[in-house]
Amino acid sequence: MNSPITNELFEKYFSEVYGGRWPKLRDALAQKEKQVLRENLFIDKTDHLGLEDCDFLMHCFWKPEGFSLQKNDDGHYNYYVLDPASVIVARALEAKPDEKILDMCAAPGGKSLVIAEHMLSGELISNEMSDSRRERLLRVFHEYIPRDQRLFVSVKGLDGNQYGLRMPGEFDRVLADVPCSGERHLLENPKEFAMWTKKRTQHLAVRQYSLLSSAWLAVKEGGRIVYSTCSISPEENDEVVAKLVKKRKVKILRPDWLEVFDFLEKTEHGYQILPDRTGFGPMYFSVIEKS
Ligand SMILES: C[S@@+](CC[C@H](N)C(=O)[O-])C[C@H]1O[C@@H](n2cnc3c(N)ncnc32)[C@H](O)[C@@H]1O
């Protein structure tokens, strides 16, 4: 049997961040995450026979081991599989009908689907820069939303940094679910894990701040940005938002309805969902108003 790959720099960095909690958190990151089946609300009602309700999220059921997705007679899937934390992040945007909304880094598209369900009308731009991932995003829309119900959704392939320059102040809301270290994914990938250094998180933080600044420019005054990552590194999370707080006019929001999720851990500028407490995540998000 191969001995597991270790990375001392990684262990040291996160031991310093999480202290005594780190061994348990690291263990939880290496376990298989709990996922939910989110009901596809764009198609006729599905019979949820035998599925266990996810008690804190409407229209979500815990995904049983070995569950396979079914298409209905019209070729649309009845559920989308995702991390429950992703549903909370998408809901934190509080998208409404008739608004103009940007999902800046959208593929594969789980959060865009939740946003689209809340809109049903208006304009949703689901943007993804990578060609292959944009293909996947398009496929998701086709497989989940009947054609006549997705006329308000368009898929674009710009670098997210362009929106602030090309469409300043045009959006009611922007989701910036930015590329990040994704330490859970990293632990599944021995080669990448072995190469991890602190620089990786610092490089990403620079790209993330640039995308968040673009989101700030693209949203109108009084509009909302949700900034999110699936990283556990504070440099990619609160510290990115702290930079925006320092340089731009913003207000950090704490929506009341988020209080029902007792597993949310408040951070200086947002919330964190960590798998040692929940079995899902990790996820960080901050709800920001442009003032
Ligand atoms: C965390 S993933 C998004 C997950 C997605 N929001 C979801 O819920 O399914 C980040 C995405 O951003 C894309 N990306 C990376 N750099 C980008 C950029 N500069 N502009 C737009 N998208 C970018 C990546 O290809 C990746 O698909």
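K100 counts as partly exposed in this predicted model, since its C-beta atom has 19 neighbours inside 10 Å, and a residue needs 20 or more to be called buried. The residue sits in strand β4, which covers residues 100-103. Leaving aside residues up to four places away in sequence, K100 touches G122 and E123 and also E170, F171 and D172. Another pairing involves V174: it lies 74 residues from K100 along the chain, yet the two C-alpha atoms are separated by just 8.9 Å.

Next comes a pair of helices. Helix α3 takes in residues 84-92 and helix α4 residues 110-119, and the two pack with their axes 9 Å apart, at an angle of about 45°. That angle is neither under 35 degrees nor in the range from 65 to 115, so α3 and α4 end up oblique to each other. Their crossing is right-handed. On the α3 side, the contact is made by S86, V87, V89, A90 and R91, while α4 brings in G110, K111, V114 and I115. Sorted by class, the residues of this contact come out as five nonpolar, two polar and two charged.

K111 turns up again at the ligand, where it is one of the residues that come nearest, together with C105, M129, G160 and D177. In total, 19 residues are found around the ligand. The shell is a mixed bag: seven of its residues are nonpolar, seven are polar and five are charged. K111 of α4 thus has a part both in the contact with α3 and in the surroundings of the ligand.

Methods:
Residues numbered from 1 in each chain as written. Predicted model: local features only at pLDDT ≥ 70, side-chain atom pairs only at ≥ 80, totals over all residues. Near = placed C-beta within 6 Å. Nonpolar A, V, L, I, M, F, W, Y, C, P; charged D, E, K, R; others polar. Axes fitted to C-alpha atoms, helices over the stretch in contact; angles between N-to-C directions. Helix = DSSP H or I, 4+ residues; strand = E, 2+ residues; numbered from the N terminus. Parallel < 35°, antiparallel > 145°, perpendicular 65-115°, else oblique. Left-handed = near helix turned anticlockwise from the far one by under 90°. Contact = placed C-beta atoms within 7 Å. Buried ≥ 20, exposed ≤ 12 C-beta atoms within 10 Å, placed from the backbone.
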